[in-house]
Amino acid sequence: MSLAEPATLPVAASAAPRLHVVRRFSDRFKASLPAYLLLLPSLVFLALFTYGAMGRVFVDALYQRATPKAPVRFVGLDNISAVLADPYFTGAVVNNLVYAVGTAIPSIGLALLFALALARTSAVNSALRAALFLPVLIPMVAASALFLFIFLPNVGLLDYYIGRLLPVLPNWLGDSDIALYAIMVITIWKNAGYYMLFFLAGLQAVPEDVMEAAHLDGAGPFMRFRHIILPELKPTFLFVIVIATLNAVTQVDHVFVMTKGGPSNATNLVLFYIYQQAVEHYDIGKASAATLLTLAVLMGLTALSFRTMANREGGP
Amino acid sequence: MLFTRRLMLGIAMAGALAFPALAEGPTEIDLFFPVPVDGKLARDMGTLIKEFNDGHPDIKATAVYTGSYDDTLIKTRASIKAGKPPSAVIMSANFLLDMQIENELTNLDGLIAADGTTKEKFLGQFFPALQGNAVIDRSVYGVPFHNSTPLLYINADKAKEAGLDPSKPPQTWAELTDWAKKLTKREGDKVTQWGIAIPCAYDYCGWMMETLTMTNGGRYYNEEFGGEVYYDTPSMLGALTWWNDLVYKHKVHAPGATPGPAVSTSFISGNAAMMMLSTGSLTYVRDNAKFNYKVAFIPRNVRNAVPIGGASLIIPAGLEADKQKAAWTLIKWMTSPEKSAWWSRATGYFAPNMAAYKTPDMVDFLNKNPDAKTAVEQLDVAKPWFATYKTVPVRKTLEDEVMLVLNGKKQPKEALVAAQKAADETLKPYNAETSLKLP
């Protein structure tokens, strides 16, 4: 989509002489020294609990035992290739892709719809905004426990109402064809209100005078939406798409609480696969290798999003 | 200024965390305990440990709540890796073999001998069915603490309604199938009441497969050696085919994989007239059923047999001698007849110590709650819980396939062949080091 498009822009400014660059860098560093000092405490903790752990994962990913009692030995990239060859891993990746696309698009669509409908501030709209935001405030674990009851086969809320209409009652979490979609519904329900906030903020930035001018020129609501609001919301879209993708990889609380990746691995997502390798298989090497692969994708995504945002700010 | 003050505070706090109580005093030990059923257990554990500390001034035990059985294994392993193992852990009974293979357990033989008793005498206190999961290679590695078996629960009111006599519960698969047919209610194609519900979610599903396979004469796994499972066998094929038939041929069991809590809710709400579930759910059913219910042995096809479930007390490897001794004192105290009986009444698990059932309080309790007696009687035919190298992944290979069968995506035979293949693959490294390591 539009994520990759601005990446072609940033070529023009890179021809300055080297010395100049170094001096500029050291000047800049001196100027920002107080900022670094201020950042130091959180940097220390980041190093301890984030980058330290990542370094450890990097090392662990290179070691493996041949048999249970054998000592761990250096195996290079064997763990990575073992993970890539594992059908459970590729299954989890496919599930995760379906899950990411299937949760990002509907929740962003809904969020935009909510934001457009509630853009004007009034007492009613504020109340509705609060109502739509409420799911965000419920912890994912609690929400999953609630949905466990809603999805209970035969006796749950959903079957109680829908059961009158359907010929056969679906076993929402126990049917391997439906379970992943059931999980996705929770994510959409929970995240749409959160993304709505970003779109509400984005809509505030749409210049009133441009809208007015368009209105006077005879542009209808759809024309204004298509040619003014949507282009103005582009940075918001980029940001929300990145957040939604990150969420799709990092939020697996509901999988943990509701299905444990089942039935028959139908709801197994990448992060839960890593958990299984580390805890159930007690295979730290493979778990670390899978973590590295996931980290690489996440960091790629983050870098991409920072670049597109930086381009936007410094752009023409 | 602000930074330095905060820094000092931080250093002080870190110091306090790193060097707790250097002073001489009672031996401090930690007990990791999971709460697999409900929140009340945590309070009961607090009561129990307080009583222990009051009676043992030279030991200060602290009970640390560590989540589910799986979480408890994770946290124990993390503590062992960090070099600070807990002194005792209530560990899911079928994780012991895996931990022993990983050298994470203390062999308890020495502690038993130091007490001037023998292994046979020590183990003799407990129901024989529980010993299999506590003994590995003829050495004791765990002490049974609270245990369970699967039971058949029957909605007695609905049975009477259908013209069945709940005082004569079904004893064979044939009778159970017949009961389930009579207890299933339909409106056209739509089922409004299921005859029977059997749980299938990771963990429960494997346990139920072991139950059905055992009542069909089978074994599920090699009790003597952790490198073999018997998935692709006639006894398991019969078990899975019967389960599949209940769903797709007789249509008396809901399709798909249904987790334990959904099964018990279904039974309590009257949506399922019978269910197979752990004795651990007995208290829940007793407290919540608004109808008369009846519990019975799991019906047989070939023989009566059920696996045990529950947890044992273990001492992790790598402990100082004084902590090990203190932990052993705690473990013996917790598994003594009186405490065992008290814990059983508080939680609904049965007490592993046979003498617990001779204590006056327990005799009273059983007279008031005869259904609790059925669970104990079934122990006569109980056998160990499956435990292999990498128990959980090996179990999961079977569960994934059983779920496919229950969802109508595979036939029993091809499912079991696939499960056997995947399990053999997981067991390969262990076999390479044991059964296939030849001179």
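## A tour of the two chains, beginning at helix H11 of chain B

Begin by selecting helix H11 of chain B, residues 234-248, and colour its buried residues, which are B:Met236, B:Gly238, B:Ala239, B:Leu240, B:Trp243, B:Asn244 and B:Leu246. Keep in mind throughout that this is a predicted model. If you now add helix H9 (173-183), helix H10 (204-215), H18 and H19 of chain B to the display, you will have among them elements that cover the buried residues of H11(B). A distance check is also possible here: the 15 residues of H11(B), at 1.5 Å a residue, should span 21 Å, and because the end C-alpha atoms lie 20 Å apart, the model agrees with that expectation.

Next, move to strand S7 of chain B, residues 150-155. Is this strand mostly covered or mostly uncovered? It is mostly covered, since 6 of the 6 residues of S7(B) are buried. Side chains in a regular strand alternate between the two faces of the sheet. In S7(B), B:Pro150, B:Leu152 and B:Ile154 lie on one side, while B:Leu151, B:Tyr153 and B:Asn155 lie on the other, and both of these faces are covered.

With S7(B) still selected, bring in the strands that pair with it. Three strands of chain B form an open sheet in the order S10-S7-S11, with antiparallel pairing. Strand S10 (274-278) and strand S11 (293-296) of chain B stand at the edges, and because each has a single partner strand, one side of each is left without a neighbour in the sheet. On average, and ignoring direction, neighbouring strands of this sheet are turned by 30 degrees against each other.

To follow the pairing residue by residue, start from B:Leu152, whose bridge partner in S10(B) is B:Met276 and whose bridge partner in S11(B) is B:Ala296. Then step to B:Tyr153, for which the bridge partner in S11(B) is B:Val295. Taken strand by strand, S7(B) is joined to S10(B) by 5 bridges and to S11(B) by 4 bridges, antiparallel in the first pairing and likewise antiparallel in the second.

Now show both chains and select the region where they meet, in which 31 residues of chain B are in contact with 21 residues of chain A. On the chain B side, helix H3 (69-81), helix H12 (260-268), helix H18 (391-406) and helix H19 (412-433) each supply at least two residues. Which element gives the largest share of that side? It is H18(B), with 5 residues, and H18(B) is also one of the helices already displayed as covering the buried residues of H11(B). Coloured by class, the side of chain B that touches chain A shows 16 nonpolar, 7 polar and 8 charged residues.

Finally, turn to chain A as a whole, which has 14 helices and 2 strands and whose C-alpha atoms fill a box of roughly 75 × 75 × 35 Å along the principal axes. Of its 316 residues, 32% are buried, and of the contacts in chain A with a separation of 6 or more, 69% are between residues 24 or more positions apart.

Colour chain A by pLDDT to end the tour: the average is 85, and 91% of the residues score at least 70. Among the elements of chain A, helix H4 (residues 87-117) has the highest mean, 95, and helix H1 (residues 18-31) the lowest, 75. Residues 1-15 of chain A should be read with caution, as their pLDDT stays under 50, and the model has 11 contacts beyond four places in sequence for them.

Note on methods. Residues numbered from 1 in each chain as written. Chains lettered and ligands numbered in written order. Predicted model: local features only at pLDDT ≥ 70, side-chain atom pairs only at ≥ 80, totals over all residues. Pairing = 2+ DSSP bridges. Axes fitted to C-alpha atoms, helices over the stretch in contact; angles between N-to-C directions. Contact = placed C-beta atoms within 7 Å. Nonpolar A, V, L, I, M, F, W, Y, C, P; charged D, E, K, R; others polar. Expected span 1.5 Å × (residues − 1). Buried ≥ 20, exposed ≤ 12 C-beta atoms within 10 Å, placed from the backbone. pLDDT = per-residue confidence, 0-100.
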